[in-house]
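Biologist: I am new to this one, and I would like to understand the reasons behind the labels. Could you walk me through it?

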Amino acid sequence: MLQADVPVYTPATLAEARQLLQEPGTRPVAGGTDAMVRFKDGVWRPTAWVNLLRLRGELAYIREDGDWLEVGALTTFSELLASRVVRERAPLLAKAVRTVGGPAIRNMGTIGGNIGTASPAGDSLPALYALDAEVLVNGVTTIGIAELMLGPGRLKLQAGDLITGVRFRAQAPDEVCTFEKLGLRAAHAISLASVAVRLAPGMARVALGAVAPTVIRVPDAEAALVAGHAAAAAAAAQEAARPISDVRASAEYRRAMAGNLLLRGLMRMLGPNLVSPIGGDPR
Amino acid sequence: MELKMNVNGQPVAVEVAPTEPLLQVLRERLGLVGAKEPCGKGECGGCTVLMNGQTVNACLVMAAQAEGAEVLTVEGLAAPDGKLHPVQQAFVEAGAVQCGYCMTGMVMSAFSLLQQNPQPTEAEIKEGMEGNLCRCTGYQKVFDAVNLAAGRLR
């Protein structure tokens, strides 16, 4: 079938891209792995697309800046997976990225696109929340990722604003982390629920994916983990979840899985003994 | 717009709608119907081709995004005299083909996997073939075929 014939502009500089995006109704497209699906389905009906691929020279990079890492918006998931810096200094992000699609999706899909689509099931997002990531807008300003995400597909951005990167502190060598994702099959499946966890002495981060209108952090679960209470943390995760029922899973199931995935992650990180003495089923 | 690409080693210039999927350009404008459109949404891998040396879902690439690209489709794998590429030959010999609808995507993913990792483990083969669905559910012989091809390409 032919698509509605909408113009596609391919700017050569960030400044030019921002100029084009000032026009109401335009939308940026990077790897297209979300954009084309939504365009074909008629969910997104832009008046023109602004194709960002020619900005890769400017916006595809993985940079170390002291304790911080910065990733350009057009960096693909394949590039993130291949990066020794990401594997060693942001292992949580590496684990999350490994679960995105298959190779063909990871070759085109970008981290900026995953943020821009703002799906609660975006697989890199719980990791970015747990890393307290800041999103770079227009190459100059930063906004906390939780502040940026308003709801499914909705971002706190103005016309002409473009996500240009994301930055976060590198993980400490002594911390442990995991990303647990539940889909309808092991590979190449959208999340029904997911959880990103980081643990270090006196520090815990818990972020849930696909169980609320946006990814959410769970401060009560984090406090429980710092205090060493795994079952209480799982209960807090279930309490915080605000899932929907859809064709893939019921809200009740997703809520239960939010807690179970956290427990599964804790066992994977720390061994079964952390959880079992406290009492198995959090329900 | 006029789209210029290099497809299977040949320069092409073809009039397209800028948002038209690369898959449609290949199939309907260039007559290269090897890549299939089973889902059209990046869910199944049936349209897998190589663009600039990497596998992509051709159904999700806008024509305008393929400007200047090097594209390799399954039609470009066999030698000019028709002799199958070792990956194709291995799929034949392993009996990996059932209904065949997913096959060209499977072959392109296997070709790309073996380019990047000539000696994949069983787990690496499964990871490398992620995103290619076979609704006959005949995965084991596909993995056998990739293994066989790896042995011959070594």
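Modeller: Happily; we will take the contact between the chains, then the salt bridges, then the strands. Please keep in mind that this is a predicted model.

Biologist: What makes up the contact between chain B and chain A?

Modeller: Chain B gives 29 residues to the contact and chain A gives 33 residues. About 2400 Å² is buried between chain B and chain A, with carbon and sulfur atoms giving 56% of that area. B:T19, B:L60 and B:Q65 supply 24% of what chain B buries against chain A, more than any other three residues.

Biologist: Why is the pair A:D41 and B:K41 called a salt bridge?

Modeller: The cut-off is 4 Å between a side-chain nitrogen of Lys or Arg and a carboxyl oxygen of Asp or Glu. For A:D41 and B:K41 the N to O distance is 3.4 Å, so the pair meets the rule. Side chains of opposite charge can pair when their charged atoms come close.

Biologist: And what about B:E37 and A:K40?

Modeller: Their side chains meet in a salt bridge too, at 4.0 Å, N to O. This pair crosses between chains: B:E37 is in the loop between α1 and β3 of chain B, while A:K40 is in helix α2 of chain A.

Biologist: How many salt bridges does the rule find across the interface, and how many does the structure hold over all chains?

Modeller: The rule finds 3 across the interface of chain B and chain A, and the structure holds 24 over all chains. The interface also has 8 residue pairs in polar contact.

Biologist: Which elements of chain B give two or more residues to the side that touches chain A?

Modeller: They are α1, β4 and α4 of chain B. The largest share, 4 residues, comes from β4(B). By kind, the residues on that side of chain B divide into 12 nonpolar, 10 polar and 7 charged.

Biologist: How do you know that β3(B) and β4(B) pair?

Modeller: Two strands pair if there are at least two bridges between them. β3(B) and β4(B) are joined by 4 bridges, so they pass, and they run antiparallel. B:M51 stands opposite B:Q54 in β4(B). The two strands form a hairpin with 2 residues between them, and B:N52 in the turn has a positive phi of about 50 degrees.

Biologist: Why are β1 and β2 of chain A called edge strands?

Modeller: They belong to an open sheet of 3 strands in the order β1-β3-β2, with parallel pairing. β1 and β2 of chain A each have a single partner strand, so one side of each is left without a neighbour in the sheet. β2(A) pairs with β3 of chain A over 4 bridges, and A:T26 stands opposite A:A48 in β3(A). Helix α1 of chain A packs on this sheet, touching β1, β2 and β3, and its direction makes about 145 degrees with that of β2(A).

Biologist: What is the strand order in the antiparallel sheet of chain A?

Modeller: Its 5 strands come in the order β4-β5-β10-β6-β7, and the sheet is open. Here the edge strands are β4 and β7 of chain A, each pairing on one side only. Neighbouring strands are turned by 25 degrees against each other on average, direction ignored. Within the sheet, β6 and β10 of chain A pair over 4 bridges, and A:L136 has A:G165 in β10(A) as its bridge partner.

Definitions and conventions: Residues numbered from 1 in each chain as written. Chains lettered and ligands numbered in written order. Predicted model: local features only at pLDDT ≥ 70, side-chain atom pairs only at ≥ 80, totals over all residues. Heavy atoms only, no water. Axes fitted to C-alpha atoms, helices over the stretch in contact; angles between N-to-C directions. Contact = heavy atoms within 4.5 Å. Buried area = accessible area lost by both parts, 1.4 Å probe. Polar contact = N/O pair within 3.5 Å; in protein donor to acceptor, adjacent residues only side chain to side chain. Nonpolar A, V, L, I, M, F, W, Y, C, P; charged D, E, K, R; others polar.
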